[in-house]
Amino acid sequence: MNDVRAVLLDLYDTLAWTEWPTMRAELEDRFGVSEGELLRAFTTTRQARSTGAYGSAEGDLAAVLEAAGVPADAELVHELNETRMKAFAENGVHLWDDSLPTLRALRARGLRTAIVSNCDHATRPIVDELGLEREADAVVLSFEVGVAKPDAGIYRAALDALGARPEEAVFVDDQAWYCEGAEAIGIRSFMIAREDAAPAEGFGAAGDRAVLHDLRSLLDLV
């Protein structure tokens, strides 16, 4: 694929994995809510959190707690958010062993790279802690640009940041419908399904697109 100039990569369950089950269990224990109740709260607020609707990390957390039926006074939210942000930034998110080598190999070939993530305000300090701004040419976070995958706007924001056209780019994500969103504007996509990944949304059907089981194999395809 000699015409490829840009590579767009998802963050969670593509480049990085999280200690989310542990963090979720701590919230369940503290507030006496069930796993199902908390998951529903995260799910029902996901779209708004992913597009920055709640204005801050504390706003995101307050929305989740309220959706789970937990009274969320400002002092409690502040305390929980400080604890959560510190834990996630310091040891709650980990890059897979092949993530940085692959990013660096792509750039060494002259390809421009962008990390494209659906996420809320909690992800910005994680990106900073992992040094990902240095490892990619652009980091496009949905809550910062106000649009989330599979909406065309987030892919276009990444392409604009890289100075690339859709036909010059490829995209890697663990979610089939996010791959479909990229394909809808002409970006070729690959689905990654790591054996040790367990995305909350599942993977979905890969369809006709190629499936990667590790990120380094992308280097043979671009």
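A residue counts as buried when its relative accessible area is under 20%. By that cut-off Glu168 is buried, because its relative accessible area is 10%. Keep this rule at hand for the tour, and remember that the model is predicted.

**Stop 1: Glu168**

Select Glu168, in the loop between helix H9 (152–162) and S6. Now add Arg5: the two residues are 163 apart in sequence, yet their C-alpha atoms are 5.3 Å apart in space. Which residues does Glu168 touch, not counting those up to four places away in sequence? They are Asp3, Val4, Arg5 and Ala6.

**Stop 2: the sheet**

Ala6 leads on to the strands, since Ala6 stands opposite Arg112 in S4. Show the strands as a cartoon. Six of them form an open sheet, and reading across gives the order S5-S4-S1-S6-S7-S8. The pairing is parallel. In general, strands of a sheet pair through backbone hydrogen bonds, either parallel or antiparallel.

Which strands are at the edges? They are S5 and strand S8 (211–212), and each of these pairs on one side only.

Select S1 and S4 together: 4 bridges join them in the parallel sense. Then move to strand S4 (residues 112–117) and S5, which also run parallel and are joined by 4 bridges. In this pair, Ser117 stands opposite Leu141 in S5.

Stay on strand S5 (residues 138–141) and show the side chains. Ala138 and Val140 point one way, while Val139 and Leu141 point the other way. Are these residues buried or exposed? All are buried.

**Stop 3: the nonpolar cores**

Select Val7, Leu9, Leu11, Leu15, Leu106, Val172 and Leu218. These are the residues with the most contacts inside the largest nonpolar core, which has 33 residues. Several elements each supply at least two residues of this core, including strand S1 (6–9), strand S3 (93–95), helix H6 (123–130), strand S6 (169–173) and strand S7 (188–192). Helix H5 (99–108) is also one of these elements, and H5 gives the most to this core, with 3 residues.

Apart from this core lies another, of 19 residues, and among them are Val140, Leu159, Ala169 and Ala182.

Go back to Leu11 and list its contacts, leaving aside neighbours within four places in sequence. The list is Ala16, Ile115, Val116, Ser117, Thr123, Val127 and Leu132.

**Stop 4: Asp13**

Asp13 is in the loop between S1 and strand S2 (16–18). Look at its backbone: phi is positive, about 70°, although Asp13 is not a glycine. Asp13 also counts as buried, because its relative accessible area is 17%.

**Stop 5: helix H2**

Select helix H2 (residues 35–50). At 1.5 Å a residue, its 16 residues should span 22 Å, and the end C-alpha atoms are 21 Å apart, so the two values agree. Where does H2 bend? The bend is at Thr44, and its angle is about 35°.

Colour the buried residues of H2: Leu38, Ala41, Phe42, Thr45, Arg49 and Ser50. As background, an α-helix has 3.6 residues a turn, so residues three or four places apart point the same way. The buried residues of H2 pack against helix H1 (20–31), helix H3 (57–67) and helix H8 (142–145).

Zoom in on Ser50, which lies in helix H2 and is buried at 7% relative accessibility. Leaving aside neighbours within four places in sequence, Ser50 is in contact with Asn118, Cys119, Ser142, Phe143 and Ala148. Just after the helix, look for Gly52, which follows H2 and has a positive phi near 80°.

**Stop 6: the cysteines**

Cys119, met at Ser50, is the next selection. Cys119 is buried, with a relative accessible area of 4%. Why does Cys119 form no bond with the closest cysteine sulfur? The closest is the sulfur of Cys179, which is 17 Å away, too far for a bond. Cys179 is buried as well, with a relative accessible area of 0%. A search of the whole structure finds 0 disulfides.

**Stop 7: Pro150**

End in the loop between H8 and H9, where Pro150 is found. Select Lys149 as well and look at the peptide bond from Lys149 to Pro150. Is this bond cis or trans? The bond is cis, with omega near 10°.

Note on methods. Residues are numbered from 1 along each chain as its sequence is written. Side-chain values use heavy atoms; hydrogens and water are left out. Buried means under 20% relative accessible area, exposed over 50%, partly exposed in between (1.4 Å probe, protein chains only). Two strands pair if DSSP finds at least two bridges between them. The expected span of a helix is 1.5 Å times one less than its number of residues. The bend at a residue is the angle between axes fitted to the seven residues ending there and the seven starting there. Contact means heavy atoms within 4.5 Å. A disulfide is a pair of cysteine sulfur atoms within 2.5 Å. A nonpolar core is a set of buried Ala, Val, Leu, Ile, Met, Phe, Trp, Tyr and Cys residues joined through side-chain atoms within 4.5 Å.
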